[in-house]
Amino acid sequence: MGERAERRALLSIGEYLNHHGGLDNFLGPQDDGTVPLPWAGLRAHIPGLKPGQVVVIAARPGMGKSAVAAQLAVYAAQAGKGVAVFSFEMSSGEIWRRMIAHCGGLSLGRLNHGSLAGQDRRDAHSALSQLDAMPLWIDDSTGCTVQAMTAALRKHRNAGKPLDLIVVDYLQLMQAPRRREKRVEEITEISRKLKLAARDLAV
């Protein structure tokens, strides 16, 4: 109770600085856990994704939202950020194939058909080795709630594994904690719980 009350305390700027290393630390370079973005054009406007944020990638069906999310996950993991992907639409095998094709500069169609040979096959093996060395994990369990996802993430972190970015693909396939009359109300509740989880886990 005392710790919770202390966390909720209202602080002046002076009190805040006393708790966070003073003015020099505050004005110095910040290692605030920002997750980098792979696209230079976007980085000019958004330096990266910060702990506690929930960012929604929105577009019409078939516009490449999952591909964008996968590129973001791989780029962050290459930068040493711990990344967990929860996929409710594609299987983990499908996502790994996409990531291997992206990292190896390979044709996804040929990889899916098993027709890689020679240098392409060697490039696929190299891409697989790179991905295996990254702090990148995928869960493709269906019917997941935010509560179940958060519990899995806590267990993952308690095992000593890093967590900086959580990718959910996609929001509307998540299961609501309780049934509502309208789906929009369930999505609102899921979004609220995701925001609280992001703040709580600092991801």
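**View 1. Strand E1, residues 83-87, is joined to strand E2 by 4 bridges, and the two run parallel.** The model shown here and in the views that follow is a predicted one. Within this pairing, Val 85 has Ile 138 of E2 as its bridge partner. Strands of a sheet pair through backbone hydrogen bonds, and the pairing may be either parallel or antiparallel.

**View 2. The open sheet is formed by 3 strands in the order E2-E1-E3, with parallel pairing.** Strand E2 (136-139) and strand E3 (165-169) stand at the edges, and because each has a single partner strand, one side of each is left without a neighbour in the sheet. From one strand to the next, the twist averages 15°.

**View 3. Helix H6, residues 92-104, lies across E1 and E2.** The helix runs at about 145° to E2. With its 13 residues, H6 reaches 18 Å from its first C-alpha to its last, which is close to the 18 Å expected at 1.5 Å a residue. Which residues of H6 are buried? They are Ile 95, Met 99, Ile 100 and Ala 101. An α-helix has 3.6 residues a turn, so residues three or four places apart point the same way. The buried residues of H6 pack against two strands, E1 and E2, and also against helix H5 (65-78), helix H7 (108-112) and helix H8 (118-133). Just after H6 comes Gly 105, which takes a positive phi of about 65°.

**View 4. The largest pocket has a volume of about 1,100 Å³.** Its lining is made up of 46 residues, and the closest of these to the centre of the pocket are Val 55, Val 56, Ile 57, Val 167 and Val 168. Helix H5, helix H9 (146-158), strand E3 and helix H10 (183-201) are the elements that give two or more residues to this lining.

**View 5. Helix H10 has 19 residues and reaches 26 Å from its first C-alpha to its last.** That reach is close to the 27 Å expected at 1.5 Å a residue. The buried residues of H10 include Ile 187, Ile 190, Leu 194 and Leu 201, together with Ala 197 and Ala 198, and the glutamates Glu 186 and Glu 189 are buried as well. Helix H9 is included in what covers the buried residues of H10. Just after H10, a positive phi of about 55° is taken by Ala 202.

**View 6. Glu 189 and Lys 193 can be viewed together, since Glu 189 lies in helix H10 and Lys 193 is found in helix H10 too.** Is Glu 189 buried or exposed? Glu 189 counts as buried because its relative accessibility is 10%, and buried means under 20%. Lys 193, by contrast, has a relative accessibility of 27% and therefore counts as partly exposed. When residues up to four places away in sequence are not counted, Glu 189 touches Pro 177, Arg 178 and Arg 180. Lys 193, leaving aside its neighbours within four places in sequence, is in contact with Val 146 and Pro 177. Pro 177 is thus touched by Glu 189 and is also in contact with Lys 193. The C-alpha atoms of Lys 193 and Ala 159 are separated by 24 Å, and the two residues are 34 residues apart along the chain.

Methods:
Residues numbered from 1 in each chain as written. Predicted model: local features only at pLDDT ≥ 70, side-chain atom pairs only at ≥ 80, totals over all residues. Heavy atoms only, no water. Pairing = 2+ DSSP bridges. Axes fitted to C-alpha atoms, helices over the stretch in contact; angles between N-to-C directions. Contact = heavy atoms within 4.5 Å. Expected span 1.5 Å × (residues − 1). Buried < 20%, exposed > 50% of the residue type's maximum accessible area, 1.4 Å probe, protein only. 1 Å grid on protein atoms, 1.4 Å probe; cavity = no way out; pocket = protein on both sides within 12 Å on 5 of 7 lines; lining within 4 Å. Points joined across faces, edges and corners; volume = space filled by probe spheres on them.
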